[in-house]
Amino acid sequence: MPPRAEEPRRDPSGSRRGSSRATGGRGEPRTGEPGVQGISDARAYTPRGRTVREERQAAGRPTAGGAEQRRTPRGGRAGGDPFRPALQVLDGGRAGGGRAGRREPVPAARAAVVRTVPTRARPDDDADAPRRRAAGRGPRRPARPAAGRSPRKPRKPPRLADPRRRLRLGTLLVLALFATIGVRLVFLQAVDTPAYAGGGLANRLTRVDLPAPRGAIYDRTGAPLANSVEARYVFADPTQVKDRAATARALSPLLGLPASELAERMEPRTLENGSASQFEYLARGVDVPTAKKIVALDLYGIGVHRDERREVPGGDLAANLIGFTSQDMVGLEGLEARYDDLLRGENGRRVYEAGQGKLDAPIPGGYSSTTLAKPGSSLQLTIERDLQFKAQQVLKSQVAKVQGSVGVAIVLDVPTGEVLAQASHPTYNAAKPQESEPTDREDAATSFVVDPGSIHKAITFGAALQEGVITPDTALPIPDTIVRGDTTFRDTHPANGRRMSLPGMLAYSSNVGTIEIAEKLGRDRLIDYQKRFGLGQPTGEGIPGEASGRLLPAQSWSGSSYGSVPIGHSVDATPLQMAAAYAAIANNGTYVQPHLIKEVISGEDGSRTPGKAPVTRSVLSPANAKALRTMLEAVTTVDGATGLAAAVPGYRVAGKTGTGIRYVDGKQQPGEVGSFIGMAPADNPRFVVAVFVWSPGGGGGAVAAPAFRDIMGFTLSRNRVPPSGAPAPKFEVFPR
């Protein structure tokens, strides 16, 4: 059946289009038919949907066939698509619709259309057949070459890269990169962490010392004699100070130091390691209110940090015993020096990471380590504050009567050997040691070495009693003088050859009688008892630098030594040694080592540990000690005796006066040392008081006995010791 002509339709541009049923179902010319070039040209649409020929006609240019051709819609498609032919051309001339395997004849109108888009080479029909069959289409026929042209070999399409291969390659590269980073992170975090972390740690660490509070020193009642209080120290960083002169002028009135001195301390300095000094002390022990004023000034390079200051509430109270510390809280003299390790404790330290510059603050989560300070332990002394004050006051008033003198006053508790008071004159303010002379800071009780003189006679008499050489009833004829070696010894109270009792010899301090008793005792036994009474060695009381004294060895005795040693010459002893010897007589013949430390109080938990137990030993029997005490009462009761000024009203007092010589560095000093050592109540002694006064011009004996009386009287009343119930016995000096 011949093809039916369709009614021409208008394309979107307004031109009419004819039917193209003659071209076949897919709108392609059959092979060998004319008009292929025209059809190709007709399929080349302009952007507005016209063919090239129509565009040329619209522009007034001649067309390729000279005749106007109209594009008609392709047959076999409802609602024809005006752009379909162009798409077919781009697709290589393949039909996009119609029945499979059938093509309609090309109309004459399209036969003249010139093909302007080259035909794409199509793959082989046989190779493409399976795909077409799978799509439900028939076999594709190869395009026929245009008339008048030799057929060209179809070009193969370019081989495109496979995106899946690129994706896989990219994925592998990314995974390899992340694996490398992960392995490196593991090494950094687990293996190399210490090396990297410690590499710059030293530059970030800030160290702050945590000072340990120094222990206090208390008297026996718990009253503080020396303690530490919170304070501040002021320092300068010379590298940060901008104007040294102005800064020094601002600090001078607050610190009480000359501006020139402060400016000098702020000068830049180079340390031994070559770096610039960043820390210089300006002042230590600054009170807190003053430190706050300095902080308020906000001076560049000036800092304030926690410190402590040693405070001595009593000023000069027991200063010669307590001593003092340096600005660094290190003990320099006295008990502060002797027990420095115990009092000082152990400083702590805080080490932490901090930023630099304005970020100089602990880094959150950074390294931080804190070692807490261990507070120092405290000492509780045997000293009683009120009694110590009284002893110093009495000693000062009595010694003031003798110009240029040195005085010592000691109070011992007889049963325990505790030192209740130990005063020295001159003394000093322990809070301001720099204002005193070195000699003022000495503890005279342990450093004042003297020939004790007549107070040594009690040791000679006690040894003779213990060895049975004499008895309490012994009486000897006493000449006025006696010669030993090249020295003549005489008495201040001549007996004129009369028989004198032992109490009389002590009351009048007979040198001749004592020498005769010592000859009966013998040299070696006398030396032995000197040692038993504690002479020739330090007492170990606790004061540093205590002198040991010196005993004349037996091999060094000369002819005169048999006269001088028994009466207390050619013997070097300290006031404390002699006081301890008399305490042995008062303690029924038992020597108890004098000591100052009653308890040690722990700085951590406050536990109390008793001080070291004193050394004790028996020197005399209780009977002989009692007999000797009774004889010594004659010194304060017999008419004309040497110690009447030492008598304490209401109490029986046993004691002995002495006149000795002072030695300094082995050289005898001018003047004399007056002394009195006694015990009360004599019938049951509780306390021993020793007073020594050295005066270059003499007269020490005139003030020693009165000082003893005042100190002993205060001690007895303060401790509520009842007066003696019975009066002292009557002594006969020259028995018939």
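Select valine 450 and arginine 662 to begin: arginine 662, in strand β22, is the bridge partner of valine 450. The model on the screen is a predicted one. Valine 450 leads to strand β13, residues 450-451, which pairs with β22 in the antiparallel sense over two bridges.

**Strand β22 and its partners**

Now select the whole of β22, residues 654-664. Is this strand mostly covered or mostly exposed? Eight of its eleven residues are buried, and the strand is therefore described as mostly covered.

Add strand β24, residues 672-680, to the selection. Seven bridges join β24 to β22, and the pairing is antiparallel. For one of the residue pairs, display lysine 656 together with isoleucine 677, its bridge partner in β24.

Next, select strand β23, residues 667-668. β23 and β22 run antiparallel and are joined by two bridges. Tyrosine 663 stands opposite glutamine 668 of β23. Between β22 and β23 there are two residues, and the two strands form a hairpin. Display aspartate 665 in the turn: its phi is positive, about 55°.

**Helix α17**

From β22, proceed to a helix that packs against it. Select α17, residues 457-466. How many of its ten residues are buried? Nine are, and α17 is mostly covered. The buried residues are Lys457, Ala458, Ile459, Thr460, Phe461, Gly462, Ala463, Ala464 and Leu465.

To see what surrounds them, select the elements against which these buried residues pack: helices α18 (502-507), α19 (511-521), α20 (523-532), α22 (575-586) and α23, together with strand β22. After α17 comes glycine 468, which has a positive phi near 75°.

Keep α17 and α23 (residues 622-632) on display, and hide the rest. Their axes come within 10 Å and cross at roughly 140°. That angle makes α17 oblique to α23. The crossing of α17 past α23 is right-handed.

Now show the residues of this contact. From α17 they are Ala458, Phe461, Gly462, Leu465 and Gln466. From α23 they are Asn624, Leu628, Met631 and Leu632. Sorted by class, the contact holds six nonpolar residues, three polar residues and no charged residues. A general rule helps in reading the spacing of such residues: an α-helix has 3.6 residues a turn, so residues three or four places apart point the same way.

**Helices α15 and α25**

Select helix α15, residues 385-399, and helix α25, residues 700-718. Their axes lie 10 Å apart, and the helices pack at an angle of about 160°. In which sense does α15 run relative to α25? The angle makes α15 roughly antiparallel to α25. Here too the crossing is described by its hand: α15 passes α25 in a right-handed crossing.

Display the side chains on both sides of this contact. On α15, select Asp386, Leu387, Lys390, Ala391, Val394 and Gln398. On α25, select Val703, Pro706, Ala707, Asp710, Ile711, Phe714, Thr715 and Arg718, which those residues meet. Coloured by class, the residues of this contact divide into eight nonpolar, two polar and four charged.

**A sheet of three strands**

Select strands β3, β8 and β9, which form an open sheet in the order β3-β8-β9 with antiparallel pairing. Which strands stand at the edges? They are β3 (205-210) and β9 (368-371), each of which pairs on one side only. From one strand to the next, the twist averages 10°.

Restrict the view to β3 and β8, the latter at residues 348-353. Six bridges link these two strands in the antiparallel sense. Among the residues to display is aspartate 209, whose bridge partner in β8 is arginine 349.

**The loop at alanine 361**

Follow the chain into the loop between β8 and β9, where alanine 361 has its place. Alanine 361 is partly exposed, with a relative accessible area of 37%. Apart from neighbours within four places in sequence, alanine 361 is in contact with Glu353, Ala354 and Gly355. Select threonine 206 as well: the two residues are 155 apart in sequence, yet their C-alpha atoms are 9.3 Å apart in space.

**The whole chain**

Finally, display the entire chain. It has 25 helices and 25 strands. Of its 736 residues, 46% count as buried. Among contacts between residues at least 6 apart in sequence, 72% join residues at least 24 apart.

Note on methods: Residues are numbered from 1 along each chain as its sequence is written. This is a predicted model: local features need pLDDT of at least 70, side-chain atom pairs count only at pLDDT 80 or more; totals for chains, interfaces and linings use all residues. Side-chain values use heavy atoms; hydrogens and water are left out. Axes are lines fitted to C-alpha atoms, for helices over the stretch in contact, and angles run from 0 to 180 degrees between N-to-C directions. Helices (H or I, at least four residues) and strands (E, at least two) are DSSP runs, numbered from the N terminus. Angles under 35 degrees count as roughly parallel, over 145 as roughly antiparallel, 65 to 115 as roughly perpendicular and the rest as oblique. A crossing is left-handed if the near helix is turned anticlockwise from the far one by less than a right angle, and right-handed if clockwise. Contact means heavy atoms within 4.5 Å. Ala, Val, Leu, Ile, Met, Phe, Trp, Tyr, Cys and Pro count as nonpolar, Asp, Glu, Lys and Arg as charged, and the others, Gly among them, as polar. Buried means under 20% relative accessible area, exposed over 50%, partly exposed in between (1.4 Å probe, protein chains only). Two strands pair if DSSP finds at least two bridges between them.
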